[in-house]
Amino acid sequence: MRALFSFLVLLSGISCFAQSYSLKIVTTDASNREPLGFVNIQVEGTDVNGTTDLNGEITLEVPGGDIVLLASYLGYEALRKELTINNSQARLILAMDPTAQLLETVEVSSNDASERLERPMMGVERLSIAEIEVLPVALGEVDVFRGLQLLSGVNSAGEASNGLSVRGGTIDQNLVLFDGAPIFTPTHLFGLFSVFTPDAVGSVDLYRANIPSRFGGRVSSVLDVRSRTPRADKFRMQGGIGLVSSNLSIETPVTKDKKLKLLIGGRAGLNDFVFSAIDRLKNTQSRFVDGTAKLRYSANEKNIFTLSGFYSKDFYQIDLLNSFGGIIADQNQNDYFTLNGSAEWLKIFNDKMSLQTRLVTSNHEPKILFPQSDSENVIEYKSQIQYSSVQSTLDYLGSGGHHLSGGLQLIRYDLNPGELNPGGATSVNNIALEDEQAIEASLFAEDEWTVSDKFKLSLGLRFTQFSQLGAGEQRTYSSEEVIDDGTFVSAETFGKGETMQTYSGLEPRLGLSYQLSSKMSLKAAYALNRQYLQNIYNATTPLPSSRWKVSDNNIVPQQAQLFSGGLYLLPGEGKYELSLEGYYRSIDNLLEYKPGADFFLNPAVETDVVQGEGQAYGIELGVKKRRGKLTGEVNYAYARSRNRVNGSTFSTSINGGDWYNGYFDQPHTLNTNLTLDDGKTNRISLNFVVQSNRPYTVPNGFITVDAQPIPIFLERNNDRLPVYHRLDFSWTITNPKMVKKRWVGDWTFTVYNLYGRDNAYNIYYQPREAGGPSEVFGSSPLGSYKLTIFGAPIVSLSYGFKFE
């Protein structure tokens with residue numbers, strides 16, 4: 001009997017350990033008891049793991065008996081919890097303690113090193129506003145774009161570029177989203193910083209390799225910016241006062257049951273007084289404002305509704321150009337705004353399945369104003385792009401290591417390419433270009449499959465059908481290559497809603513990760529993308545008024561294929577992160593402009609563009625240190641971007657049909673950021689940037705017309721601007737006695753371009769001034785002149801505060 005009793009006890013113990021139980025885990029911030037999302041949870045010694053959702057919740061199937069739970073999150077102390085499992089427990093709360101370095105902020109990066117090591121996604125960078133806040137930037141502005149430009153393969157065209165170049169791509173080849181709605185002009189103040197309201201930014205995801213199948217429409221990258229989710233159970237306010245702009249945000253529950261919560265934030269800048277102090281810029285003006293509002297209603301545990309809106313408006317005036325499209329004016333004034341809105345419904349069926357439906361609208365309307373000399377009349381040029389979308393995505397956590405998602409998206413484009421209103425000017429005609437319409441319908445599916453403990457796959461597929469719609473006119477030419485007035489054949493008129501042109505195709509996406517060890521993994525990725533909406537311009541960076549164009553029978557969609565591979569290491573017990581990535585991207589139907597192209601109010605814009613091919617390739621090396629008082633990263637990239645337009649005639653080829661450097665071909669880039677934080681009072685940060693500057697065009701000679709030398713340009717991008725380098729500094733001072741008080745404030749002192757490097761933004765050519773130095777220009781009647789945006793240190797001081 002004793003032997004039988006012992007056997008039954010042993011058998012019951014074995015069955016206990018063999019059985020698994022459902023354990024619901026909730027992670028919170030120990031300092032304020034609020035939910036903490038995206039925490040990595042693992043059962044020690046097993047392959048049971050996962051990441052909590054936005055509400056800090058996850059349900060795991062854990063083995064019975066004594067187990068150890070491990071929880072980790074950047075900016076919080078790692079947690080180790082021992083417990084005994086012998087039945088299904090309803091709820092376990094894990095309170096995470098913030099580290100001293102991040103007590104000032106509630107926004108923490110979810111870019112965990114172990115997640116990057118294991119996930120089968122390549123080229124994905126995730127930033128939070130907390131990481132971006134520590135970077136020294138121009139004029140003291142907290143800026144998403146400046147944070148991204150520290151990453152390998154992400155560059156700008158200079159201090160005043162209107163966007164980003166990702167791995168050599170042009171600016172319009174990036175899809176920039178804010179809460180799912182596209183941003184067509186993503187910068188303020190001549191392109192100096194991005195439009196996103198700093199206090200309202202929650203997360204920033206940049207996809208530059210294996211783009212998830214739910215995204216489409218661009219061939220270079222996707223920048224997915226999400227506003228902060230309002231979670232406060234009591235009133236909170238934070239803001240800042242600076243030389244360039246001031247900002248304020250409020251977060252509060254709206255109803256007594258706290259199911260409805262509101263976040264609203266805004267920023268405004270009035271900079272006319274800054275420019276008036278500089279004699280050559282005394283007629284320059286600049287004003288901007290942006291604002292974000294978000295309502296979140298948690299009806300119950302199964303249904304969450306979100307409404308968000310974004311508004312951005314800019315006005316600036318310059319008198320450097322007095323003529324545009326044949327219109328003479330004392331100044332050119334740019335006035336543009338963006339108004340976006342989105343509505344989301346998250347339906348949670350159970351712990352494994354959810355459905356998200358999102359409605360999006362975006363309205364972008366840029367204007368150029370031309371005040372007439374000796375008159376109160378103003379000539380107005382305006383255009384507009386309206387975007388509407390509905391998207392529904394089903395997410396399912398299946399068995400066998402499969403995480404499935406799929407859905408559909410329908411997009412509507414309505415474009416006003418340009419309209420000129422002369423006001424009272426009798427010498428200028430009223431011109432209105434024909435509106436353009438298109439629909440883009442997509443089906444997508446994806447599976448993140450954990451094949452084994454070491455091998456993971458990401459399989460994605462997107463099918464898109466694009467249709468250009470009437471009312472409109474479709475022009476036909478006798479030659480598919482030579483499209484100009486001489487080859488024009490006929491124009492066919494289509495009625496409203498009729499299909500004018502259709503394109504469709506599959507876009508496969510593949511990513512894989514193989515863990516060589518617990519500290520090392522290999523990754524590879526492939527992606528095919530198409531771009532149906534083009535931005536047409538003939539400058540280094542598009543202006544807010546640059547023309548958008550849907551694909552038609554003459555302008556074919558761009559198509560890119562990207563191959564990439566990489567090695568990731570976590571030496572020093574996860575204290576450091578090393579990455580090495582290589583990539584190659586080929587582009588078909590790359591859009592270029594003909595010599596002398598003029599897109600201003602051109603009804604047949606296809607006669608001034610050509611399409612060719614492009615290639616971009618490079619190697620990126622990164623080293624990061626995320627723990628300790630001294631943190632930072634060093635990123636180096638060798639990257640090339642080259643184009644070729646090999647037509648049979650002079651007007652349909654560029655540089656004789658040979659390969660030439662793309663506009664963002666910058667072979668060598670080194671970005672370094674170091675931050676020293678004592679965890680109490682002082683935080684000092686340094687940025688150092690060195691890069692091969694972008695190409696520009698040097699005239700091949702000149703001719704004389706009416707005694708005036710005129711430069712002749714036969715080649716494109718045939719020279720390169722001098723090497724660019726810059727050092728930035730910032731110092732943030734916080735009173736540690738205020739950390740536990742309702743009002744917390746800090747001062748930030750910033751110096752942009754610390755040693756005053758006179759970097760060239762551009763080099764241009766014009767008849768040399770009389771008496772110019774002959775040892776510089778020789779006998780040439782043309783002189784080359786350098787344009788610099790910031791040739792001296794830019795000092796700024798700002799005060800930031802939080803109140804609750």
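Buried residues account for 53% of the 804 residues in this protein, and the model on the screen is a predicted one. Display the whole chain as a cartoon to begin. The secondary structure comprises six helices and 52 strands. Of the contacts between residues at least 6 apart in sequence, 65% join residues at least 24 apart.

**First stop: a sheet of four strands**

Select residues 49-51, which form β3, and residues 79-85, which form β6. These are the edge strands of an open sheet, and each of them pairs on one side only. Add the strands that complete the sheet, and the order reads β3-β2-β5-β6, with antiparallel pairing. From one strand to the next, the twist averages 20°.

Within this sheet, select residues 65-72, which make up β5. How many bridges does β5 share with β6? There are seven, and the two strands pair in the antiparallel sense. To see one position of this pairing, select Gly65, which stands opposite Ile85 in β6. As general background, strands of a sheet pair through backbone hydrogen bonds, either parallel or antiparallel.

**Second stop: a sheet of five strands**

Next, select residues 124-127 (β8) and residues 181-182 (β12). They belong to an open sheet of five strands with the order β8-β15-β16-β11-β12, in which the pairing is mixed. Both β8 and β12 stand at the edges with a single partner strand each, so one side of each has no neighbour in the sheet.

Move to residues 201-207 (β15) and residues 221-227 (β16). These two strands run antiparallel and are joined by six bridges. Select Ser203 to find one position of the pairing: its bridge partner in β16 is Arg226.

**Third stop: a buried arginine**

Select Arg296, which is found in strand β20, residues 285-300. Which side chain of opposite charge is nearest to Arg296? It is Glu344, at 6.9 Å; Arg296 is buried yet has no salt bridge. To view the surroundings of Arg296, display the residues in contact with it beyond its neighbours within four places in sequence, among them Asn55, Thr229, Pro230, Ile304, Phe305 and Thr306. Lys259, Leu260 and Lys261 also belong to this set of contacts.

**Fourth stop: aromatic rings**

Show the side chains of the aromatic residues. The count comes to 17 aromatic pairs. A pair of aromatic rings is described by the distance of the centres and the angle of the planes.

Begin with Tyr316 and Tyr336. The centres of their rings are 6.5 Å apart and their planes lie at 85°, so the pair is edge-to-face. Tyr316 is in strand β21 (residues 303-318) and Tyr336 in strand β24 (residues 332-348), so the pair ties together parts that are 20 residues apart in sequence. Are these tyrosines buried or exposed? Tyr316 is buried, with a relative accessible area of 7%, and Tyr336 is buried as well, with a value of 3%.

Proceed to Phe455 and Tyr514. Here the ring centres are 6.4 Å apart and the planes are at 55°, so the pair is tilted. Phe455 belongs to strand β30 (residues 455-469) and Tyr514 to strand β33 (residues 499-517), so parts 59 residues apart in sequence are tied together by this pair. Phe455 is partly exposed, at a relative accessible area of 26%, and Tyr514 counts as partly exposed at 37%.

To finish with the rings, select Phe145, Phe178, Phe196 and Phe310 together, which ring pairs link into a cluster.

**Last stop: backbone angles**

Most residues other than glycine have a negative phi, and most peptide bonds are trans. Three places along the backbone are of interest in this respect.

Select Gly470 and Ala471: the peptide bond between them is cis, with omega near 10°. Ala471 has its place in the loop between β30 and β31, the latter spanning residues 472-477.

Select Lys258 next. Its phi is near 60°, a positive value in a residue other than glycine. Lys258 is found in the loop between β18 (246-253) and β19 (260-270), and Lys258 is partly exposed, with a relative accessible area of 37%.

End the tour at Asn589. Where is Asn589 placed? It is in strand β38, residues 576-593. Asn589 has a positive phi of about 60° although it is not a glycine, and at 27% relative accessibility Asn589 counts as partly exposed.

Conventions. Residues are numbered from 1 along each chain as its sequence is written. This is a predicted model: local features need pLDDT of at least 70, side-chain atom pairs count only at pLDDT 80 or more; totals for chains, interfaces and linings use all residues. Side-chain values use heavy atoms; hydrogens and water are left out. Two strands pair if DSSP finds at least two bridges between them. Axes are lines fitted to C-alpha atoms, for helices over the stretch in contact, and angles run from 0 to 180 degrees between N-to-C directions. Buried means under 20% relative accessible area, exposed over 50%, partly exposed in between (1.4 Å probe, protein chains only). Lys and Arg count as positive and Asp and Glu as negative; His and the chain ends are not counted. A salt bridge is a side-chain nitrogen of Lys or Arg within 4 Å of a carboxyl oxygen of Asp or Glu. Contact means heavy atoms within 4.5 Å. Rings of Phe, Tyr and Trp (its six-membered ring) pair if their centres lie within 6.5 Å; planes under 30 degrees apart count as stacked, over 60 as edge-to-face and the rest as tilted.
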